[in-house]
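Here is a short tour of some ring contacts and one helix. Have the structure open as you read.

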Amino acid sequence: MKRFNVGIIGATGMVGQRFALLLEQHPWFNVTVLAASPRSAGKRYGELMEGRWLMNRPLPDKYKDMIVVDAADIATVGAKADVVFCAVDMAKEDIKALEEAYAKAEIPVISNNSAHRGTADVPMIIPELNPEHAQIVEAQRKRLGTKRGFIAVKSNCSIQSYVPILHPLHKFGLQEVVVCTYQAISGASKTFDTWSEMVDNVIPFIGGEEEKSEQEPLKVWGEINGDVIVNATAPVITTQCVRVAASDGHMAAVFVRFANKPSKQQILNAWNECGGAGLPSSPEKFLTYHEEENYPQTNMHRDLHNGMGISIGRLREDTVYDYKFIGLSHNTLRGAAGGAVLMAELFAQKGYFD
C-alpha cells in the first residue's frame with residue numbers, strides 16, 4: 001500500500017490529540033502537518049500542548065517541534081498533506097465551509113465533525129457495516145467539481161455502542177429500537193480536572209445528541225439512489241442520552257422488537273459471524289459477547305482490542321419488547337479518531353486517495 005502524507009486539522013483539541021497518537025506509527029499514513037486556530041499558528045506543537053495534553057500516553061517526540069499552521073491556510077496545508085483528518089472546534093456553518101474548501105482544493109477530508117453528516121452525498125461509513133457507501137464520492141466530486149477532493153464523515157460517537165450490534169440483526173426484521181446511552185465526559189472533550197461538575201454526578205441531557213442518535217443510524221443503513229444516500233425508514237429508533245461520571249467509554253442499554261423473533265442462540269450466532277473489515281486499525285474481533293452477567297463494564301472493557309472492539313452483554317428476553325442487551329464502545333477510539341482512521345484506511349484501500 002502506498003503511504004500518504006496526512007494533516008490533522010484541529011490538532012490541539014482532544015480528538016486531534018488522539019489522531020496524533022493513532023497516526024504516530026501508522027503503516028499507511030504519515031503526519032506531515034498540524035493545523036489549528038490562528039492563535040495557535042506559528043507556535044511549536046510541544047509548546048502549545050504544555051498543560052493541555054489530555055492523553056494517557058506522553059506527547060510523541062516527532063510532533064514536539066512541528067510548527068502549527070493556521071487551519072484556514074489551505075495552500076500551506078495542501079502543500080504538505082495528501083489527505084487531512086478534521087476535528088476542529090468551530091461553528092457548524094464554518095466547519096462546513098472549511099471542509100468544502102479543502103475538498104475543492106483537491107484534498108480529501110476525513111472528518112470527525114457533525115457538520116456534513118446530513119449532506120446527502122457525503123458518506124458516513126462504519127467500514128464493517130456500509131463500505132459500499134464509498135461509491136457516493138463520485139457524485140459528490142461531480143457536485144463539487146473536483147477530481148480527487150471529497151468529504152467523508154465519521155458517525156456520532158454514541159451510535160457505535162449499539163448500531164454495529166444491531167446491524168447483523170436486520171435479517172430478523174428489526175422493527176423497533178429503544179436506546180438509553182450512558183456517555184463518558186471525554187465525549188464533551190472534558191476531563192474531571194476540567195469539568196468538576198461531573199464528579200459524582202449524572203446529567204440527563206446532552207444537547208443535540210438524541211437527534212443524532214436516532215437519525216444517523218438510518219443514514220448508515222441507507223441506500224445510494226442516484227447522486228444521494230437515501231436514509232433507511234426502519235427500524236424506528238427512540239433514544240435518551242445521559243452524561244455519566246466516566247472518563248471514557250459510551251454504554252448503551254438497548255431494547256429491540258422484531259418482525260420475526262429469533263432465538264437467543266440465533267442472535268448470538270449473528271453477532272459471532274459478524275466479521276471485521278481487514279484493515280490496519282481493525283480489531284482482532286469486531287463484536288465480543290461477554291457471558292458474565294455483570295459485563296461489559298466501562299473501565300474494564302472500553303479498551304478491548306486497542307479500543308476498537310465493541311462489547312455486548314446481558315442478552316435476555318424482555319417483558320415488553322422481544323429482547324434487551326447492553327453495548328459498550330470506546331468513544332474517542334472506535335467512536336471518534338479511531339473510527340475516522342479506519343474509514344480513511346478503507347478509502348485508501350479502494351484507491352480514493354490516489
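## Two buried rings, far apart in sequence

This is a predicted model, and a good place to begin is with Phe4 and Phe353, both of which are buried. The two form an edge-to-face aromatic pair, with 5.7 Å from centre to centre and 80° between the planes. Phe4 belongs to strand β1 (residues 4-9), while Phe353 sits in the segment after α11 (333-349), so their pairing ties together parts 349 residues apart in sequence.

Which rings join them in a cluster? Phe4 and Phe353 share one aromatic cluster with Phe19, Phe29, Phe85, Phe150, Phe347 and Tyr352. Across the whole structure, a search finds 15 aromatic pairs.

## A second pair, with a lysine over one ring

Now turn to Phe258 and Tyr323, another edge-to-face pair: their centres are 6.5 Å apart and their planes meet at 70°. This pair also links distant parts of the chain, with Phe258 in strand β12 (residues 250-258) and Tyr323 in strand β15 (residues 323-329), 65 residues apart.

Phe258 and Tyr323 are buried. Tyr323 has a further partner, since Lys261 lies over the face of its ring, 5.3 Å from the ring centre.

## Helix α8 and what covers it

Helix α8 (residues 209-220) has 12 residues, which at 1.5 Å a residue should span 16 Å; the C-alpha atoms at its ends are 16 Å apart, in agreement.

Which residues of α8 are buried? They are Glu209, Ser213, Glu216, Pro217, Leu218, Lys219 and Val220. Among the elements covering these buried residues are α7 (163-166), β7 (174-183), β10 (228-230) and β11 (236-244).

Terms used:
Residues numbered from 1 in each chain as written. Predicted model: local features only at pLDDT ≥ 70, side-chain atom pairs only at ≥ 80, totals over all residues. Heavy atoms only, no water. Phe/Tyr/Trp six-rings, centres within 6.5 Å; stacked < 30°, edge-to-face > 60°. Helix = DSSP H or I, 4+ residues; strand = E, 2+ residues; numbered from the N terminus. Buried < 20%, exposed > 50% of the residue type's maximum accessible area, 1.4 Å probe, protein only. Lys NZ or Arg CZ within 6 Å of the ring centre and 35° of its normal. Expected span 1.5 Å × (residues − 1). Contact = heavy atoms within 4.5 Å.
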